[in-house]
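I opened this entry to keep track of what I looked up, one topic at a time. The structure I worked from comes first.

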Amino acid sequence: MTTNTSGRTRRLSAELSVSPLGLGCMGMSYAYGPTDRAEALATIRRALDLGVTFVDTADMYAAGENEELVGEAIAGRRDEVILATKFGILVDPATSRPNGVNGSPDYVRTAIDRSLTRLGVDHVDLYYLHRPDPQVPIEETVGAMAGLVAAGKVGVLGLSEASAGTIRRAVAVHPIAAIQSEWSIFSRDIEESVVPTARELHIGLVPYSPLGRGQLTGAATSTTDLADDDFRRTLPRWQTDNLAANQALVDRVRAIASAHGAAPAQVALAWLLAQGDDVVPIPGTKRRNHLEENAGAVDVALSRADLAELSDLRASGDRYPDMAWVQRDTPALG
């Protein structure tokens, strides 16, 4: 049976309620091997049918193509969608890979207009700074983002992969509704300072890569399972020794899933959902069958013993080759 989450919501902030799971759209256009536009469009539309209405994209995914895809998929259904996009990561036109960041006020204003055009909408509900710019005080970037709220182009603001200190400085300028960071059974670093800070400030948590970029599903067991251009080949957790150790941990996730008659992906998502009502994971997928499986996570009730066992798992290898890419700080104002 396919789970329909219509009518179920979680509150990220006082201003923003969303479906308990979102849909990350990056892989439909970028980073995870071959793409299928027709299936991607069908997947986004199927998500809306199932009540998965919190849709996440970014301007750097395939240099804007992902925003165009999302815009086409939601055309005629805009009022059903809580639409989030991100800006700030620059892309090398030759490779479509990240090539620095820009959090300058002028770029803030330019980026939103380009995103609105690609998405075919007059506003986005949630606008994230994709990565804080280490050359620009966060106060300047968020101040410009606040101007977009005043102009009606943006509903609420978010930050992606910001440090606890950066979050505090941002909130002093304008309310922040959501913090998007990698968080999963295998990625726990944000629990030290980012999660407590967000909760102190009443900011919702939006975990990306909640399935460990596919490791927690058990679907990919070797880099040979990945396309040549799949960026996971560059990640420490996918290197030979780390991958073998992590697969042993996935076997424990599988065992819990089997006891619940669930899929490993559903257990991984249920663990995150159990971390608090302010947590809204955005698993990414390119296919309807995986979307439907993920949606079933909202009906998986893990026991305290299950949650404790899963919480004790620790993945081998960092989540990025350069961890300076995450939990970022910016220079002091002035």
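**Isoleucine 256.** I began with isoleucine 256, which has a relative accessible area of 5% and therefore counts as buried, the cut-off being under 20%. The model is a predicted one, and I read each entry below with that in mind. Isoleucine 256 sits in helix α7, which runs over residues 240-260. When I set aside the neighbours within four places in sequence, I found isoleucine 256 in contact with Val267, Leu302, Asp306, Glu309 and Leu310. I also looked up its separation from serine 181: the two are 75 residues apart in sequence, and their C-alpha atoms are 25 Å apart in space.

**Leucine 129.** Next I turned to leucine 129, a residue of strand β8, and noted that its relative accessible area is 0%, so leucine 129 is buried. Its C-alpha lies 5.8 Å from that of glycine 88, although 41 residues separate the two in sequence. Leaving out the neighbours within four places in sequence, I listed the contacts of leucine 129 as Phe87, Gly88, Ile138, Thr141, Met145, Gly158, Leu159 and Ser160.

**The open sheet.** I then followed the strands and found an open sheet of 7 strands, paired in parallel, in the order β3-β4-β5-β8-β9-β10-β11. The edges are taken by β3 (22-24) and β11 (204-208), and because each has a single partner strand, one side of each is left without a neighbour in the sheet. Direction ignored, neighbouring strands of this sheet are turned against each other by 25° on average. Within the sheet I looked at one pair in detail: β8 (residues 124-129) and β9 (residues 154-160) are joined in the parallel sense over 5 bridges, and tyrosine 128 stands opposite glycine 158 of β9. As a general reminder to myself, side chains in a regular strand alternate between the two faces of the sheet.

**The hairpin.** A separate look-up concerned β6 (residues 89-91) and β7 (residues 98-101), which pair in the antiparallel sense over 2 bridges. The bridge partner of isoleucine 89 is valine 101 in β7. The two strands form a hairpin with 6 residues between them, and in the turn serine 96 has a positive phi of about 65°.

**Other positive phi values.** Most residues other than glycine have a negative phi, which is why I wrote down two further exceptions. Alanine 62 has a phi near 55° and is placed in the loop between β4 (54-56) and α2; with 10% relative accessibility, alanine 62 counts as buried. Glutamate 161 likewise has a positive phi, near 55°, and lies in the loop between β9 and α5. Is glutamate 161 buried or exposed? I found a relative accessible area of 0%, so glutamate 161 is buried.

**Helix α1 against α2.** I went on to the helix pairs, starting with α1 (residues 37-49) and α2 (residues 65-74), whose axes come within 9 Å and cross at roughly 55°. That angle makes α1 oblique to α2, and the crossing is right-handed. From α1 the contact involves Arg37, Ala40, Leu41, Ile44, Arg45 and Leu48, which meet Glu68, Leu69, Val70, Glu72, Ala73 and Ile74 of α2. By class, these residues divide into 8 nonpolar, no polar and 4 charged.

**Helix α1 against α9.** The axes of α1 and α9 (residues 288-295) also come within 9 Å, and they cross at roughly 25°, so I recorded the two helices as roughly parallel to each other, an angle under 35 degrees being the cut-off. This crossing is right-handed. The contact is made by Glu39, Ala42, Thr43, Arg46 and Ala47 of α1 with Arg288, Leu291 and Glu292 of α9, and I counted it as 3 nonpolar, 1 polar and 4 charged residues.

**Helix α4 against α5.** My last pair was α4 (residues 138-150) and α5 (residues 164-171), with axes that come within 9 Å and cross at roughly 45°, which makes α4 oblique to α5. The crossing is right-handed. Here Ile138, Glu139 and Val142 of α4 meet Thr166, Arg169 and Ala170 of α5, a contact of 3 nonpolar, 1 polar and 2 charged residues. I noted that Ile138 had already appeared among the contacts of leucine 129.

How values were computed:
Residues are numbered from 1 along each chain as its sequence is written. This is a predicted model: local features need pLDDT of at least 70, side-chain atom pairs count only at pLDDT 80 or more; totals for chains, interfaces and linings use all residues. Side-chain values use heavy atoms; hydrogens and water are left out. Two strands pair if DSSP finds at least two bridges between them. Helices (H or I, at least four residues) and strands (E, at least two) are DSSP runs, numbered from the N terminus. Axes are lines fitted to C-alpha atoms, for helices over the stretch in contact, and angles run from 0 to 180 degrees between N-to-C directions. Angles under 35 degrees count as roughly parallel, over 145 as roughly antiparallel, 65 to 115 as roughly perpendicular and the rest as oblique. A crossing is left-handed if the near helix is turned anticlockwise from the far one by less than a right angle, and right-handed if clockwise. Contact means heavy atoms within 4.5 Å. Ala, Val, Leu, Ile, Met, Phe, Trp, Tyr, Cys and Pro count as nonpolar, Asp, Glu, Lys and Arg as charged, and the others, Gly among them, as polar. Buried means under 20% relative accessible area, exposed over 50%, partly exposed in between (1.4 Å probe, protein chains only).
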